[in-house]
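User: I would like to learn how to read a helix and a ligand site in a model. Please take me through an example.

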Amino acid sequence: MPADPDRIRLLNPGPVTLSAGVRAAMLRPDLCHRQPEFADLMARVRRGLVEVYPAAAQEFAAVLLTGSGTAAVEAMAASLIQRETRPMVIRNGVYGERIAHILATHGHEPLVLGDDWLAPLPLEQIDAALAADKRIRQVLVVHHETTTGRLNDLNALADVCLAHGARMLVDTVSSFGGEAIDFDRWPLDAVSATANKCLHGVPGIAFVIARRRLLETPNPSCASVYLNLQNNYAAQEKTAPLFTPAVQALQALDAALDELKQLGGWAARHNHYATLARRLRSGLADLGLQPLLDDPAAYGSILTSVKLPDSLSFDLLFDRLYEQRFVIYPGQRSLFAKIFRIANMGDLTLADIDEFIPALAAVLDQTKSPSQS
Ligand SMILES: *Cc1c(COP(=O)(O)O)cnc(C)c1O
């Protein structure tokens, strides 16, 4: 196929650059969610989601929600925590903070650990807190903290949780489909994610993958109608969604899951991301740019956070790169003026990275030269 001259390369962490196949799936014939064809589509996507990580297929089921990734995280927190217990949240970025905010909004009084966005999981503190307070049965944590690009060490967290019989509820919104999630060994109650990050679908559908046993047990302390996972699960098992779903987004996710399978599944996608990220990171280093996190091994393979040179404003950098059809992403809150972020999820190739680095080099050159302001 000839290269599309209008193709935009989204280097933000979702929504992502679409493949032609996923885009075309949104133009399938119109469909009502009460038709049998929709029931087939929904069943296929729900099965496809649990099969992304084959170890999940036995004991877990997927519940679809129409909303963004936050809807899935909120549904997980609202539906899978009992009122008499005390959830623990680990906060080393914006998304950990968001979980704490969600829990407080739903009337919980979570124990919130960690406040340094540049730090790894505070495992010793977590261990001590689980030993000290027996009401804490569940730990909520972000897998890939998109704020910085850190891949939190959930293998180590799993060891701590297993030692105390605690369960994990994980925001895998920006890692599902692109990083390892150990459904066999980690003591998972549930993970939450979205169609439009590492799965390469479009925004509109989010989902929770939870243990069937928990989905089959109504939770009287759930304080949401729309986000009640048990009710949504029961309806979806009968192939009749409770509410109007984002039909076209589901058609796109169906195609995206098919593509993921054809390309070799999550591990193949992970290897592809790792190849792109390595090329990107060595290109950035050659330009003299510094990563935000000191330890290069702290990064996953999905996103790179880069210190913004003093001579450069994010807005200028964004505008110049957009002229070359690249979209980059700013830092959040206190990191806004300090960093920019480059995600390599979506339908991207090494050729995109190899065009991006010289485009970035050209902007850096222009802003350094005294003749330009
Ligand atoms: C993108 C993201 C979310 C959800 O963001 P939405 O804007 O609601 O899709 C949640 N957690 C993480 C780690 C994310 O990267």
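User: Which residue just after helix 4 takes a positive phi?

Analyst: This is a predicted model. Gly 107, just after helix 4, has a positive phi of about 85°.

User: How far apart are the end C-alpha atoms of helix 4, and what span should its 12 residues have?

Analyst: The expected span is 1.5 Å times one less than the number of residues. For helix 4, residues 94-105, this rise per residue leads to 16 Å, and the end C-alpha atoms are 16 Å apart, so the two agree.

User: Which residues of helix 4 are buried, and what covers them?

Analyst: Buried means under 20% relative accessible area. In helix 4 that holds for Val 94, Tyr 95, Gly 96, Ile 99, Ala 100, Ile 102 and Leu 103. Their cover includes helix 3 (69-79), along with strand 3 (88-90), strand 4 (111-113), strand 5 (138-142), strand 6 (144-145) and strand 8 (167-171).

User: Which helices each supply at least two residues of the shell around the ligand?

Analyst: Helix 3 and helix 4 each do so. The residues surrounding the ligand include Gly 69, Thr 70, Tyr 95 and Arg 98. By class, the shell has 3 nonpolar, 6 polar and 3 charged residues.

User: Which atoms lie 2.5 Å apart at Ser 68?

Analyst: A polar contact is a pair of N or O atoms within 3.5 Å. At Ser 68, a side-chain N or O atom is 2.5 Å from an oxygen atom of the ligand. Gly 69 places a backbone N or O atom 3.0 Å from a ligand oxygen, and a polar side-chain atom of Lys 197 is 2.8 Å from a ligand oxygen. The protein buries 85% of the 380 Å² that the ligand exposes when taken alone.

Definitions and conventions. Residues are numbered from 1 along each chain as its sequence is written. This is a predicted model: local features need pLDDT of at least 70, side-chain atom pairs count only at pLDDT 80 or more; totals for chains, interfaces and linings use all residues. Side-chain values use heavy atoms; hydrogens and water are left out. Helices (H or I, at least four residues) and strands (E, at least two) are DSSP runs, numbered from the N terminus. Buried means under 20% relative accessible area, exposed over 50%, partly exposed in between (1.4 Å probe, protein chains only). Contact means heavy atoms within 4.5 Å. A residue is near a molecule or strand if one of its heavy atoms lies within 4 Å of it. A polar contact is a pair of N or O atoms within 3.5 Å; within protein, one must be able to donate a hydrogen and the other to accept it, and residues adjacent in sequence count only if both atoms are side-chain atoms. Accessible areas come from the Shrake-Rupley method with a 1.4 Å probe; for residues, only the protein chains shown count as cover. Ala, Val, Leu, Ile, Met, Phe, Trp, Tyr, Cys and Pro count as nonpolar, Asp, Glu, Lys and Arg as charged, and the others, Gly among them, as polar.
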